[in-house]
Amino acid sequence: MEKISLGEYDIFVGDIWEPLNDLLVEFNYSKIVVLIDENTRHHCLSALLSNTDIENLKLIEITSGEVHKSIETCNVIWKQMIVKQLDRNALVINLGGGVIGDMGGFCASTFKRGMDFIQIPTTLLSQVDSSIGGKLGIDFGDVKNSIGLFKNPKAVFIYPGFLKTLPAAEIQSGFAEMIKHGLIADTEIWEELKMINDFENVNWTSLIIPSLKIKKRIVEADPFEKNVRKKLNFGHTIGHAVESLALQSKQPLLHGEAIAVGMVCEAWLSVKNSNLSESVLDEISEYIVKKYGKVSLKESAFSNLIDLMKNDKKNEGAAINFTLLSQPGKASINHTCDEKMIAESLRYYIQL
Ligand SMILES: NC(=O)c1ccc[n+]([C@@H]2O[C@H](COP(=O)([O-])OP(=O)(O)OC[C@H]3O[C@@H](n4cnc5c(N)ncnc54)[C@H](O)[C@@H]3O)[C@@H](O)[C@H]2O)c1
Ligand SMILES: [Zn+2]
C-alpha cells in the first residue's frame, strides 16, 4: 500500500482497508452514510462492508450518470441527510466515480455548513484525477461544474481492485486523464502510455501512482488554480464544450472521450501558438484517434461550442483561455486564441 500526502490529507493506494478502519476509529463519527449509485451498490459496496467494521451504516443511493450531477439530485441527497438525522459530526463516504465524488463532497460540504467526507473512488478517472485536489460541484444551466467549491476530503482511499468491474468505455475515459498528465508533465509517462494497446493486462496500480503524483505536485503548488494548476486544463477548454454539447444531445460522451477530442484540437493550437512540433501533433492525433475513434462534430455546431467555451470558469474577461504544450511533458498556461483559430482547430479534428 502506498501513502501519498497532499497538504492536510492522505491518499492511500492499494490495500486500503486498514488505514480506512484506523480513520473511522480515530474520528469516532456520530453517523456514517455511504453515497452510492446502482452500479457501485452492485459492484463495490460489498467490499466496503466486508472489509470495514461500521456500526449502523446508512446508505443514500442516487441514479448514476452525468445528467444526474444536478441540483435536483442534491435536493434528494440533502433531504436524505435530514431524514437520516446527520449532524456536523457525521461522515459521508463517497463510493463511486467522479459524479458521486464531486456531488457527494459538495453536498457534505454545504450541509449544516459542512461535514467531513472521504473519497473512495471506484472508476479510473476518479482514481487518477477527480478524487484529489478538492474540487467539488455539480453541473448547472448547461455549464459543467458551474456550481461548486474547493474543499478537501478527510482522506482518499484508492482500491484499484474496483476497476475489475468497470466497463471498458469507462476505463478508456479515465485513461484520457492519464494521457493528459503525461503530456503536460512527464514525457516518460506519455511514452509508456502510448505503448499500451489493450487494457486487459495492465497493472493499474503501477500506472495510477505516478499519474496521481503528477496531479498532487501541481495541486500542491497551486491549490486554488491561480496559476500552474491551470496546466491540468489541457484539452479541457474545447473538451468541456464538446462534452456539454453532447450532454444536450441524445448521445452524451463520457468526460474522457470529450477531453480526448479537446487534447487533439488543443495540440493543434499548440503548434500555432506554443511551438509544438508538427510531428508531435501527428503522434498525439494518431494515437488518440486510434484509441478513441472519431467523435462526429459538425461545422454547424462550432458557434455553439465557442459560446460554451466563453462560459468557461477559466476565462478572464472575454478571452477564451487555453493551456498549451510546447513539447510532450511541458505545458504553459494562459494562452488566448481567437474564435477563428479555435474553429480552425475543430476543422483539423474533423478532417483527421
Ligand atoms: N473534481 C475534479 O477535479 C474532477 C476532475 C475530473 C473529472 N471530474 C468529474 O468527474 C465526472 C466523471 O467521473 P467518472 O468518469 O468517474 O464518471 P461516473 O462517476 O459517472 O462513473 C462512470 C460510471 O461507472 C459506474 N461505476 C463506478 N464505479 C464502478 C465500478 N467499480 N464498476 C462498475 N461500474 C462502476 C458509475 O455508476 C457510472 O455509471 C465528471 O462529472 C467530471 O466533471 C471532476
Ligand atoms: Zn477532466
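## Exercises on a predicted model

Glu177 and His236 are both buried. The model behind these exercises is predicted.

**Exercise 1. Work out which residues coordinate the zinc ion (ligand 2), and where Glu177 and His236 lie along the chain.**

Step 1. List the donors. Glu177 binds through OE, while His236 and His255 each use NE2. The distances run from 1.9 to 2.1 Å.

Step 2. Write the spacing. Along the chain, the donors of the zinc ion (ligand 2) read E-x58-H-x18-H.

Step 3. Place the pair. Glu177 sits in helix H7 (residues 168-185), and His236 in helix H10 (residues 236-248). The two are 59 residues apart, and the pair links distant parts of the chain.

**Exercise 2. Find how many disulfides the structure holds, and explain the result for Cys44 and Cys74.**

Step 1. Recall the cut-off. A disulfide needs two cysteine sulfur atoms within 2.5 Å.

Step 2. Test Cys44. The closest cysteine sulfur is in Cys107, 20 Å away, so the gap is too far for a bond. Cys44 is buried, at 3% relative accessible area.

Step 3. Test Cys74. Here too the closest cysteine sulfur belongs to Cys107, at 3.7 Å, which is too far for a bond. Cys74 is buried, with a relative accessible area of 0%.

Step 4. Conclude. The count of disulfides is zero.

**Exercise 3. Describe how helices H13 and H14 cross.**

Step 1. Take the axes. Those of H13 (residues 302-310) and H14 (residues 339-351) come within 11 Å and cross at roughly 125°.

Step 2. Classify the crossing. H13 and H14 are therefore oblique to each other. Their crossing is right-handed.

Step 3. Name the contacts. Residues of H13, including Phe302, Leu305 and Met309, meet residues of H14, among them Ile342, Leu346 and Ile350.

Methods. Residues numbered from 1 in each chain as written. Chains lettered and ligands numbered in written order. Predicted model: local features only at pLDDT ≥ 70, side-chain atom pairs only at ≥ 80, totals over all residues. Heavy atoms only, no water. Buried < 20%, exposed > 50% of the residue type's maximum accessible area, 1.4 Å probe, protein only. Donors = N, O, S within 2.8 Å, 3.2 Å for Na, K, Ca; no water. Helix = DSSP H or I, 4+ residues; strand = E, 2+ residues; numbered from the N terminus. Axes fitted to C-alpha atoms, helices over the stretch in contact; angles between N-to-C directions. Parallel < 35°, antiparallel > 145°, perpendicular 65-115°, else oblique. Left-handed = near helix turned anticlockwise from the far one by under 90°. Contact = heavy atoms within 4.5 Å.
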